Amino acid sequence: NQGFKGQPIAMVGRVRVRVVGDVNKFDYIKISEIPGVARATEVKDDLVIGRALETSLGEDEKLVLCSVRFKI
């Protein structure tokens, strides 16, 4: 999206993802009930969008480096 106006979107690659709750390195990251925010899970299902590449503990919302791969 470089050079364009609007919200940046990542479909594949290493990006910072808005995540709520505890996240451990290599946890699966999945879509949560909060729009635009993900959460960690140990179970891979259809809502998984990637894997965490770092650990970040705490219930608050934060940015966590993840390896993202959306399936369309």
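## Exercises on a five-strand chain

Strand E1 (residues 12-20) and strand E5 (residues 61-69) pair antiparallel through nine bridges. Here, strands are DSSP runs (E, at least two residues) and helices are runs of H or I with at least four, numbered from the N terminus; two strands pair if DSSP finds at least two bridges between them. The model is predicted, so to speak on paper: local features need pLDDT of at least 70, side-chain atom pairs count only at pLDDT 80 or more, and totals for chains, interfaces and linings use all residues. Residues are numbered from 1 along each chain as its sequence is written, and side-chain values use heavy atoms, with hydrogens and water left out.

**Exercise 1. Work out which elements the chain has, and in what order.**

Step 1: Count them up, and you get zero helices and five strands.
Step 2: Read from the N terminus, and the order is β-β-β-β-β.

**Exercise 2. Find the strands that pair with E5, and a residue that stands opposite one of its residues in each case.**

Step 1: Start with E1, joined to E5 in the antiparallel sense. Arginine 18 stands opposite leucine 63 in E5.
Step 2: Go on to strand E4 (residues 48-52), which also runs antiparallel to E5, with three bridges. There, arginine 51 faces serine 67 of E5 as its opposite residue.

**Exercise 3. Describe the surroundings of leucine 63.**

Step 1: Place leucine 63 in strand E5.
Step 2: Look along the chain to valine 17, 46 residues apart from leucine 63; their C-alpha atoms are separated by 5.2 Å.
Step 3: List the contacts (heavy atoms within 4.5 Å). Skipping neighbours within four places in sequence, leucine 63 contacts Arg16, Val17, Arg18 and Glu54.

**Exercise 4. Which residues make up the largest nonpolar core, and which element gives the largest share?**

Step 1: Pin down the term: a nonpolar core is a set of buried Ala, Val, Leu, Ile, Met, Phe, Trp, Tyr and Cys residues joined through side-chain atoms within 4.5 Å. Buried means under 20% relative accessible area, with a 1.4 Å probe and protein chains only.
Step 2: Collect the eleven residues: Val17, Val19, Val23, Ile29, Ala38, Ala40, Ile49, Ala52, Val64, Cys66 and Val68.
Step 3: Sort by element. E1, strand E3 (38-41), E4 and E5 each give two or more residues to this core, and E5 has the largest share, with three.
Step 4: Zoom in on cysteine 66. Beyond four places in sequence, its contacts include Val17, Ile29 and Ala52.

Note on methods:
Buried < 20%, exposed > 50% of the residue type's maximum accessible area, 1.4 Å probe, protein only.
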